[in-house]
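The following exercises concern one protein structure. Please work through each task before reading its solution.

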Amino acid sequence: MSQKDYADNRSSSRKEKNQQPAKKETLCPVYKKCGACQLLHMDYKKQLDWKRGRLTALLKPYGKLEGILGMEMPEHYRHKVHAVFGRDSKGKVISGVYKEGTHIIVPVENCLLENKKADAIIQTVRDLLKSFKIKTYDEDTGYGLLRHVLVRVGYSTGQIMVVLVLASPILPSKNNFVKALRKVHPEITTVVVNVNDKKTSIVLGDREQVIYGPGHIEDQLCGMTFKISPKSFYQVNPVQTEVLYQKAIAFAGLSGREVVLDAYCGTGTIGMLASPHAGSVIGVELNRDAVRDAIAGAKRNHLSNIRFYQADAGDFMVQMAALGEKVDVVLMDPPRTGSSEKFLTALVKLKPRKVVYISCNPETLVRDLKYLCGKGYRMETGVGVDMFPFTKHVETVVMLSHKKPDSVINVKVEFGEGEGKVPLDNIAKRAEAYKPKERGTYKMIKEYIEAKYGFKVHTAYIAEVKRELGLPMYDAPNAVEKLKQPRKHPTAEKVEAIKDALKHFEVI
C-alpha cells in the first residue's frame, strides 16, 4: 500500500465515527503521545492487508510472498515489558515509556500491547517507592536510584522475572522490598538488581545481583524448554514466535542428515527446535550470557547434536570456509539493522545450499536480498508473520537457495579456412599448449589437511596419490624430489585425507 493509500485509509477511518478505529483510540489515552502503536486506528484485518501489501511490493523484484499470518487475539501479546521511571513537573513518581524520538516520559498505567500481569507489577513497584524512600533517577542531574523496571513473563510456565535497574548497586532494605512486592504478586519467581551507572540510553548495565530466586525464568516453545536471563534475547510475542519458527523450519526442508548453522542464535531457540530434524546444528552468538543460556537449554532438552560457540558469526563462517567445512542450511535472524556486508560475504564463501532468513525489518531484508541474489542465490518463497499487531513492524521469513550452474556448456566451433575461422591444426596445437589451472596448490592441500585432521602430509605423499589417480603433476618440483633417505608410503589414513582435500578443491 502506498503512503497516499495509507493516508486515505487513515482519513476515511476518522470519518467513520461508529467504526472500530475510533473505539480503539479511546482504549489508549496516550495513543498520540506514545507513538508505539502506529496502526491502532485501523481494524486488525486492515492492518494485515496493509502489511501484506507493503511486503509484497518490497519483495516483488526477488520472489513471491505466500501471504501474512496474523493473530486470533492480537492484544496484550508482549511478554517482555519495560518501564522507565521518573517524576513529572509536580514531583509525582511516574512510570511509562519514552515519547518516540525523545527522553520525555509518557506515563502509562495499562497498555493494549503489554502483558496485564507485567503492567500490574510495575504499578506496584511504583507504589512501594515512597514507603521505602527510593528516589527515581534524574537523567539531567544524575541523582536518584531507580532507572527502569523490566518484567519478563513465561507464557507457558507462568514464571515471572522482575529486573530493577539501579544507578548504584545498593537497594535499601532489599529483602523487605522483595517481601512487600511478592506479598502483592506471589507469582513472581525471581528478582534481579541490574546496575547501570552510566549516562547512556541503553537500559541494562553490565553488573547484576540476584536478590530473590534463581536469577532466570524458563518458558516452553514448540515442546521445548528455554532458560531466559535478564539480557537474553527471547521473542516478546511467544504465540507468534511458534508460528514464525515452525514456518522457518518448514522452509529449511530438513531430512535428518543436514548440517545446520544457526547464526545470531541468541539463546539458541530456533537451532534447538531444528535439531531433532537435522543431522547436527551449530549455534553462533556474540552475547556471552545468551550462549550460556543456550548451552543450558540444550542440556535441559537433552539435545546431543547441537553445539554453541561465542563468536562473531561472520568471522566464524570465514573460518569454516577456510577449513573446508560444509554447511547445508544457514538459519539467520539478524538485528533490525540487518546483516553486515562482512557477514554476507562470509555466507557466500561458505556457500550453504539453503538460507532461511528471518527479518524484523523489511527494508534491510530487501537490501540483503539484493546482495545475496547478486552472488548466486535466489529467493524461493517468503511469508509475513505479524509479531507486532497495532504497530507498523512485521516479521518476514524467506528461503533462498543456491543457484546450480548449468552442467552443459555449448561451444560453437567452426572448422575450415577463411576469415573468422580457426584452422584444425591450430586447434590441436592450442589444445596441446593449454594446461587446465590447478584448483588446489600443494600448499593449500597441506594446510587444509593439517587444519581438518590435525596431522601433516609431505608433498611427495600428495604427488603419489595424484599419480595413482592419474592426475597431471604440473608445477610440482618438490613433489618428485630425491630424498636422502627412502620415505615410507603414506598410511591409509593419510591417503584418505589427501583424497578428501582433492575433492574439496575440486581436483577430483
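**Exercise 1.** Which side chain does the side chain of D368 join in a polar contact?

The model is predicted, so to speak: local features need pLDDT of at least 70, side-chain atom pairs count only at pLDDT 80 or more, and totals for chains, interfaces and linings use all residues. Residues are numbered from 1 along each chain as its sequence is written, and side-chain values use heavy atoms, without hydrogens and water.*Solution.* Step 1: place the residue; D368 lies in helix α12 (residues 362-373), where helices are DSSP runs of H or I with at least four residues, and strands are runs of E with at least two, numbered from the N terminus. Step 2: identify the partner; the side chain of D368 makes a polar contact of 2.6 Å with that of Y357. Such a contact is a pair of N or O atoms within 3.5 Å, one able to donate a hydrogen and the other to accept it; residues adjacent in sequence count only if both atoms are side-chain atoms. Step 3: assess exposure; D368 counts as buried because its relative accessibility is 1% (buried means under 20%, exposed over 50%, partly exposed in between, with a 1.4 Å probe and protein chains only).

**Exercise 2.** State the strand order of the open sheet and its edges.

*Solution.* Step 1: the order of the 7 strands is β4-β3-β2-β5-β6-β7-β8, with mixed pairing. Step 2: β4 (105-107) and β8 (207-212) are the edges; each has a single partner strand, so one side of each lacks a neighbour in the sheet. Step 3: β5 (residues 146-153) pairs with β6 (residues 160-166) in the antiparallel sense over 7 bridges (pairing requires at least two DSSP bridges), and H148 stands opposite V165 in β6.
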